[in-house]
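Q: I'm new to this structure and would like a close look at a single part. Could you take me through it slowly?

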Amino acid sequence: MPDSIVIIPTYNEKENIERMIRKVLSLAHDFHLLIIDDGSPDGTGAIVKGLQPEFPERLFIEERAGKQGLGTAYIHGFKWSIAHKYDYIFEMDADFSHNPNDLLRLRETCAEGADMAIGSRYVKGVNVVNWPMNRVLMSYYASAYVRLITGIKIHDSTAGFVCYKRKVLETIELHKIKFVGYAFQIEMKYTTIKHGFKVVEIPIIFTDRTEGVSKMSTHIFREAFLGVIQMKLNSVFRKYPEG
């Protein structure tokens, strides 16, 4: 049984999805790929299904009705991956802002002892390409804000390029993860650390998408800003058994 599954949520990613699938499934390690498509009206799901005969038992798709949010897509994928007994479970974007070659480095980091490996834009300076300066500053200082409020030492708390060992996702009570936008990424890292797991950041170069449309919105940013305070307050009354 192959040990690694990459989860990619999609909504209107027809420009990127075939190239991404072919790239991930061409890597030296035998990765499997799970696409969580939220009813993309542009036909993203149909493209994935059209490729499945070419990659039998390696390419999977779960289709959901309508746009339900990043966090719920990942939770759906986590539960699917746990049920299928994958040892290393990855989060990744479809738009090539994350370099698929770095999947190998994330997996190696977990294989060498980390419970969660984060592809970090900020652990060594600022490694972001093609973002406008206001977006870079917003992202960088969002992570500084998270460190201030929560006390965790993660440099890139909103990062969406992550490898988990299965035991982390089995220990976290996934039904208690409440946020659905970028705050979801913060909540997952914070909860992982509170359970006593070892989290390691590795430097990556993040390149903004060249195809398709960004999903960032004011609502998503507001959820993250206010959600951090709420998450910290809630944690005071919650127990986190060690994994």
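Let's start with lysine 49: is it buried, partly exposed or exposed?

A: Keep in mind that this is a predicted model. Lysine 49 counts as partly exposed, because its relative accessibility is 39%.

Now for its partner. The side chain of lysine 49 meets that of glutamate 63 in a salt bridge, at 3.1 Å from N to O. This pair ties together distant parts of the chain: lysine 49 sits in helix H2 and glutamate 63 in strand S3, 14 residues apart. Glutamate 63 has a relative accessibility of 47%, so it counts as partly exposed too. As for the background, side chains of opposite charge can pair when their charged atoms come close.

Let's stay with H2 and see what it packs against. Helix H1 (residues 17-24) and helix H2 (residues 44-51) pack at an angle of about 35 degrees, and their axes are 10 Å apart. The crossing of H1 past H2 is right-handed. On the H1 side, the contact is made by Ile17, Glu18, Ile21 and Arg22. On the H2 side, you'll find Thr44, Ile47, Val48 and Leu51.

Two of those H1 residues turn up again in another setting. Glu18 and Arg22 are joined with Glu54 into one network by salt bridges that share partners.

What about the loops around these helices? Just ahead of H1, asparagine 12 lies in the loop between strand S1 (4-10) and H1. Its backbone is worth a glance: asparagine 12 has a positive phi of about 55 degrees, although it is not a glycine. For context, most residues other than glycine have a negative phi. With 25% relative accessibility, asparagine 12 counts as partly exposed.

On the other side of H1 comes aspartate 30, in the loop between H1 and strand S2 (31-37). Its side chain meets that of arginine 58 in a salt bridge, again with an N to O distance of 3.1 Å. Arginine 58 belongs to the loop between H2 and strand S3 (59-63), and the two partners are 28 residues apart, so here too the pair links distant parts of the chain. How covered are they? Aspartate 30 counts as partly exposed, at 35% relative accessibility. Arginine 58, on the other hand, is buried, because its relative accessible area is 19% and the cut-off for buried is under 20%.

So that's two salt bridges in this part, one through lysine 49 and one through aspartate 30. To set them in context, a search of the whole structure finds 13 salt bridges.

For contrast, have a look at a pair elsewhere. Arginine 166 forms a salt bridge with glutamate 170, and their closest N and O atoms are 3.1 Å apart. These partners lie within one helix, H6 (residues 166-171), and because they are four residues apart there, about one helical turn separates them. Arginine 166 is buried at 19% relative accessibility, while glutamate 170 is partly exposed at 43%.

Back to where we began: lysine 49 is partly exposed, its salt bridge runs from helix H2 to strand S3, and H2 itself packs against H1.

Key. Residues are numbered from 1 along each chain as its sequence is written. This is a predicted model: local features need pLDDT of at least 70, side-chain atom pairs count only at pLDDT 80 or more; totals for chains, interfaces and linings use all residues. Side-chain values use heavy atoms; hydrogens and water are left out. Axes are lines fitted to C-alpha atoms, for helices over the stretch in contact, and angles run from 0 to 180 degrees between N-to-C directions. Helices (H or I, at least four residues) and strands (E, at least two) are DSSP runs, numbered from the N terminus. A crossing is left-handed if the near helix is turned anticlockwise from the far one by less than a right angle, and right-handed if clockwise. Contact means heavy atoms within 4.5 Å. Buried means under 20% relative accessible area, exposed over 50%, partly exposed in between (1.4 Å probe, protein chains only). A salt bridge is a side-chain nitrogen of Lys or Arg within 4 Å of a carboxyl oxygen of Asp or Glu.
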